[in-house]
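Let's take a walk through this protein together, beginning with one pair of charged side chains and working outwards from there. Please have the sequence and the 3D view open as you read.

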Amino acid sequence: MSEGLLRAFAATHGVQIGQLWQDNDSRCKKVRTLRIDRFWASSKSYGQVRAECTVMETGKIVNIAVRRFKPTSNGYRQVS
């Protein structure tokens, strides 16, 4: 999938590169803030568009399904 198509798909979910999102999971003791770095999809991800993110508190790189970036109890909320 081309970079343009990945960005367009993610934009339909309200997610864009450079945004900051915070974990909404109440089970976590520490608050985790993610910066969206890029989008990708592969056959191993079963066609899901994923966001490569940097955890701002630790610098760790994580991959999260774009569909999880919504303000639910186990999702994420946008902070900037």
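A good place to start is the salt bridge in which the side chains of Arg35 and Asp37 meet, with 2.9 Å from N to O. Keep in mind that this is a predicted model. How exposed are the two partners? Arg35 counts as partly exposed, because its relative accessibility is 31%. Asp37, at 23%, also counts as partly exposed, since the buried class is reserved for values under 20%.

Now turn to a second charged pair, Glu52 and Arg38, whose closest N and O atoms are 3.2 Å apart in a salt bridge. Glu52 belongs to strand β3 and Arg38 to strand β2 (residues 33–40), so this pair ties together parts that are 14 residues apart in sequence. Arg38 has a relative accessibility of 38% and therefore counts as partly exposed.

The count of salt bridges comes to 3, and the one still to visit joins the side chains of Asp25 and Arg27 at 2.7 Å, N to O. Here the two ends fall into opposite classes. Asp25 is buried because its relative accessible area is 16%, whereas Arg27, with 68%, is exposed.

With those pairs in view, let's step back to the fold. The protein chain has 1 helix and 5 strands, and reading along the sequence gives the pattern α-β-β-β-β-β. The 5 strands form an open sheet with antiparallel pairing, in the order β4-β3-β2-β1-β5. At its edges are β4 (61–65) and β5 (76–78), each of which pairs on one side only. From one strand to the next, the twist averages 40°. As a general reminder, strands of a sheet pair through backbone hydrogen bonds, either parallel or antiparallel.

Let's follow the sheet out to each edge. On one side, strand β3 (residues 50–55) and β4 run antiparallel and are joined by 5 bridges. Ala51, for example, has Ile64 of β4 as its bridge partner. The hairpin of β3 and β4 has 5 residues between the strands, and Gly59 there takes a positive phi near 85°.

On the other side, strand β1 (residues 20–23) pairs with β5 over 3 bridges, again in the antiparallel sense. Gln22 has Arg77 of β5 as its bridge partner. Carry on into the segment after β5 and you will find Val79. Which residues does Val79 touch, leaving aside its neighbours within four places in sequence? Its contacts are Leu20, Trp21, Gln22 and Thr33. Val79 counts as partly exposed because its relative accessibility is 38%. For a sense of distance, Val79 and His13 are 66 residues apart in sequence, and their C-alpha atoms are 15 Å apart in space.

Finally, consider the chain as a whole. Its C-alpha trace spans about 35 × 25 × 25 Å along the principal axes. The radius of gyration is 12 Å, which agrees with the value near 12 Å that a compact globule of 80 residues would have. Of those 80 residues, 32% count as buried. The accessible surface comes to about 5,200 Å², and 52% of that belongs to carbon and sulfur atoms. Among contacts with a separation of 6 or more, 40% are between residues 24 or more positions apart.

Definitions and conventions:
Residues are numbered from 1 along each chain as its sequence is written. This is a predicted model: local features need pLDDT of at least 70, side-chain atom pairs count only at pLDDT 80 or more; totals for chains, interfaces and linings use all residues. Side-chain values use heavy atoms; hydrogens and water are left out. Two strands pair if DSSP finds at least two bridges between them. Helices (H or I, at least four residues) and strands (E, at least two) are DSSP runs, numbered from the N terminus. Axes are lines fitted to C-alpha atoms, for helices over the stretch in contact, and angles run from 0 to 180 degrees between N-to-C directions. Buried means under 20% relative accessible area, exposed over 50%, partly exposed in between (1.4 Å probe, protein chains only). Contact means heavy atoms within 4.5 Å. The radius of gyration is taken over C-alpha atoms; the globule rule is 2.2 Å times the number of residues to the power 0.38. Accessible areas come from the Shrake-Rupley method with a 1.4 Å probe; for residues, only the protein chains shown count as cover. A salt bridge is a side-chain nitrogen of Lys or Arg within 4 Å of a carboxyl oxygen of Asp or Glu.
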